[in-house]
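Colleague: Could you walk me through this model and tell me what stands behind the words you use for it? I would like to hear the reasoning as well as the labels.

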Amino acid sequence: MKLHASSPSAAQTITGYGDDYVLINGARRESSVVVLPDRIVQWEAKAFDALSTEDFAFLKELDAEIMLLGTGPRQRFPHPRLTAPLGAARIGLEVMDLRAACRTYNILVAEERRVALALLFE
């Protein structure tokens with residue numbers, strides 16, 4: 001699916017996605033990544049089942065108020081002990097399938113929120 005912004009923006013946005021990829025401002029990504037309005041960061045997390053506390057501690061350092069976690073083709077919730085670093089930092093965590101997370105991210109970017117989108121592909 002391709003998504004189109006209603007107005008041009010310098011922000012990193014999701015311009016398309018499929019089962020095993022996303023397009024970020026037209027550039028294809030097929031591995032775990034974190035998208036923020038001002039940058040793209042490679043994420044070392046490889047798969048949902050391999051998520052660790054360290055993965056979420058890394059996300060905590062990205063200066064977002066809302067963290068969206070796209071868990072691949074279906075929604076899966078990480079154990080609360082893994083996400084504890086985000087909670088301790090008072091960063092909201094929303095867990096969705098990859099497609100819903102991409103759409104939600106674009107909406108929050110348009111609202112100029114401090115949002116980060118962490119995507120896993122499986």
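Colleague: Happy to start with helix H1: what covers its buried residues?

Modeller: The cover includes strand E4 (33–36), strand E6 (66–70), H2 and strand E8 (115–119). Please keep in mind that this is a predicted model.

Colleague: Which residues of H1 are buried, and what makes them line one face of the helix?

Modeller: H1 spans residues 53–60, and Asp55, Phe56 and Leu59 are buried in it. Looking down the axis of H1, these buried residues fall within an arc of 90°, so they line one face of the helix. The general rule helps here: an α-helix has 3.6 residues a turn, so residues three or four places apart point the same way.

Colleague: How do you know that H1 and H2 are roughly parallel?

Modeller: Their axes cross at roughly 20° and come within 8 Å. Angles under 35 degrees count as roughly parallel, so H1 is roughly parallel to H2. The crossing of H1 past H2 is right-handed. On the H1 side, the contact is made by Thr53, Phe56, Ala57, Leu59 and Lys60. H2 brings Arg81, Leu82, Thr83, Pro85 and Leu86 to that contact.

Colleague: Thr83 is on that list. Why is Thr83 called buried?

Modeller: Its relative accessibility is 15%, and buried means under 20%, so Thr83 counts as buried. Thr83 sits in helix H2, residues 80–88. Setting aside neighbours within four places in sequence, Thr83 is in contact with Phe56, Pro78 and Leu93.

Colleague: And what makes the buried residues of H2 a single face?

Modeller: Leu82, Thr83, Pro85 and Leu86 are buried in H2. Viewed down the axis of H2, they fall within an arc of 120°, so they line one face of the helix. These buried residues pack against H1, E6 and E7. On the other side of H2, Pro80, Arg81, Gly87 and Ala88 are exposed. Just after H2 comes Arg90, with a positive phi of about 60°.

Colleague: Several strands have come up by now. What is the order of the five-stranded sheet, and why are E5 and E7 called its edges?

Modeller: This open sheet has the order E5-E4-E8-E6-E7, with mixed pairing. Strand E5 (39–42) and strand E7 (92–96) each have a single partner strand, so one side of each is left without a neighbour in the sheet. On average, neighbouring strands here are turned by 20° against each other, direction ignored.

Colleague: How do you know that E4 and E8 pair?

Modeller: Two strands pair if there are at least two bridges between them. E4 and E8 have three bridges, in the antiparallel sense, so they meet that condition. Within this pair, Val33 stands opposite Leu119 in E8.

Colleague: Let's turn to the three-stranded sheet. What is its strand order, and what makes E1 and E3 edge strands?

Modeller: This sheet is open too, in the order E1-E2-E3, and its pairing is antiparallel. Strand E1 (14–17) and strand E3 (27–29) are the edges, as each pairs on one side only. From one strand to the next, the twist averages 30°.

Colleague: How many bridges join E1 to E2, and which residues stand opposite each other?

Modeller: Three bridges join E1 to strand E2, residues 22–24, and the two strands run antiparallel. Ile14 has Ile24 as its bridge partner in E2, and Gly16 stands opposite Leu23. E1 and E2 form a hairpin, with four residues between them.

Colleague: Which helix packs on this sheet, and at what angle to E1?

Modeller: Helix H3 (residues 98–110) packs on the sheet, touching E1 and E2. Its direction makes about 165° with that of E1.

Colleague: One last residue, please: why is Ala11 called buried?

Modeller: Ala11 has 12% relative accessibility, and the cut-off for buried is under 20%, so Ala11 counts as buried. Ala11 is found in the segment before E1. Not counting residues up to four places away in sequence, Ala11 touches Asn25, Pro37 and Val109. Ala11 and Gly26 are 15 residues apart in sequence, and their C-alpha atoms are 12 Å apart in space.

Conventions
Residues numbered from 1 in each chain as written. Predicted model: local features only at pLDDT ≥ 70, side-chain atom pairs only at ≥ 80, totals over all residues. Heavy atoms only, no water. Axes fitted to C-alpha atoms, helices over the stretch in contact; angles between N-to-C directions. Contact = heavy atoms within 4.5 Å. Buried < 20%, exposed > 50% of the residue type's maximum accessible area, 1.4 Å probe, protein only. Arc of directions from axis to C-beta. Parallel < 35°, antiparallel > 145°, perpendicular 65-115°, else oblique. Left-handed = near helix turned anticlockwise from the far one by under 90°.
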